[in-house]
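Hi everyone, thanks for making time this morning. I'd like to walk you through one protein model, so please keep the sequence and the 3D view in front of you.

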Amino acid sequence: MSRLRLHGFARSSSECEHVRELMSDYVDGELEHGEQARVERHVAFCPRCRTVLSNLRLTLSALGALGSSRTRGEDDATEAALRAWRDRAD
Ligand SMILES: [Zn+2]
């Protein structure tokens, strides 16, 4: 594990790890303002973390859709938002 980190992303990987730790709270909207901005700044230039965040949103959304009975309109809005996110992630 530590050997792999010597290649390539060594410098940014700790920021990536930190941001990824914040992500589930970020998706839940539970981060403080400064941390929220930190995640947004990071995913703006880090495609890997952007993909991770996108996948996390999809996963949480799928879990939420299974666990709660939303109205149809809300489901459509969520899907549209997720599609927009996925498009940006590419
Ligand atoms: Zn990153």
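Let me start with a word I'll use a lot: a residue is buried if 20 or more other C-beta atoms lie within 10 Å of its own, and exposed if 12 or fewer do. With that cut-off, how much of the protein is buried? Buried residues make up 9% of the 90 residues.

Please keep in mind that this is a predicted model. The average pLDDT for the protein is 80, and 76% of the residues score at least 70. Confidence is lowest in helix α1, residues 2–5, with a mean of 50, while helix α3, residues 33–45, has the highest, at 96. Over residues 6–10 the pLDDT stays under 50, and the model has one contact there beyond four places in sequence.

Now the overall layout. The protein has five helices and zero strands, so to speak an α-α-α-α-α pattern when you read along the sequence. If we take the contacts between residues at least 6 apart in sequence, 54% of them join residues at least 24 apart.

Next, the core. Which residues form the largest nonpolar core? There are seven: V19, M23, Y26, V39, V43, C49 and L53. Helices α2, α3 and α4 each give two or more residues to this core, and α2 supplies the largest share, with three. One core member to click on is V43: leaving out residues up to four places away in sequence, V43 touches C49, R50 and L53.

Let's stay with α3 for a moment. This helix has 13 residues and reaches 19 Å from its first C-alpha to its last, close to the 18 Å expected. Its buried residues are V39, H42 and V43. They sit on the same side of α3, because they cover an arc of only 95° around the axis. On the face turned away from that buried side you'll find the exposed residues H33, G34, A37, R41, A44 and F45.

Finally, a look at R20, which is in helix α2. Is R20 buried, exposed or partly exposed? R20 has 17 other C-beta atoms within 10 Å, so it counts as partly exposed. Not counting residues up to four places away in sequence, R20 touches C49 and V52. R20 and V39 are 19 residues apart along the chain, and their C-alpha atoms are separated by 8.3 Å.

That's my tour; thanks for listening!

Notes. Residues are numbered from 1 along each chain as its sequence is written. This is a predicted model: local features need pLDDT of at least 70, side-chain atom pairs count only at pLDDT 80 or more; totals for chains, interfaces and linings use all residues. pLDDT is the predictor's confidence in each residue, from 0 to 100. Helices (H or I, at least four residues) and strands (E, at least two) are DSSP runs, numbered from the N terminus. Two residues are in contact if their C-beta atoms, placed from the backbone, lie within 7 Å. A nonpolar core is a set of buried Ala, Val, Leu, Ile, Met, Phe, Trp, Tyr and Cys residues joined through C-beta atoms within 7 Å. The expected span of a helix is 1.5 Å times one less than its number of residues. The arc is that of the directions from the helix axis to the C-beta atoms.
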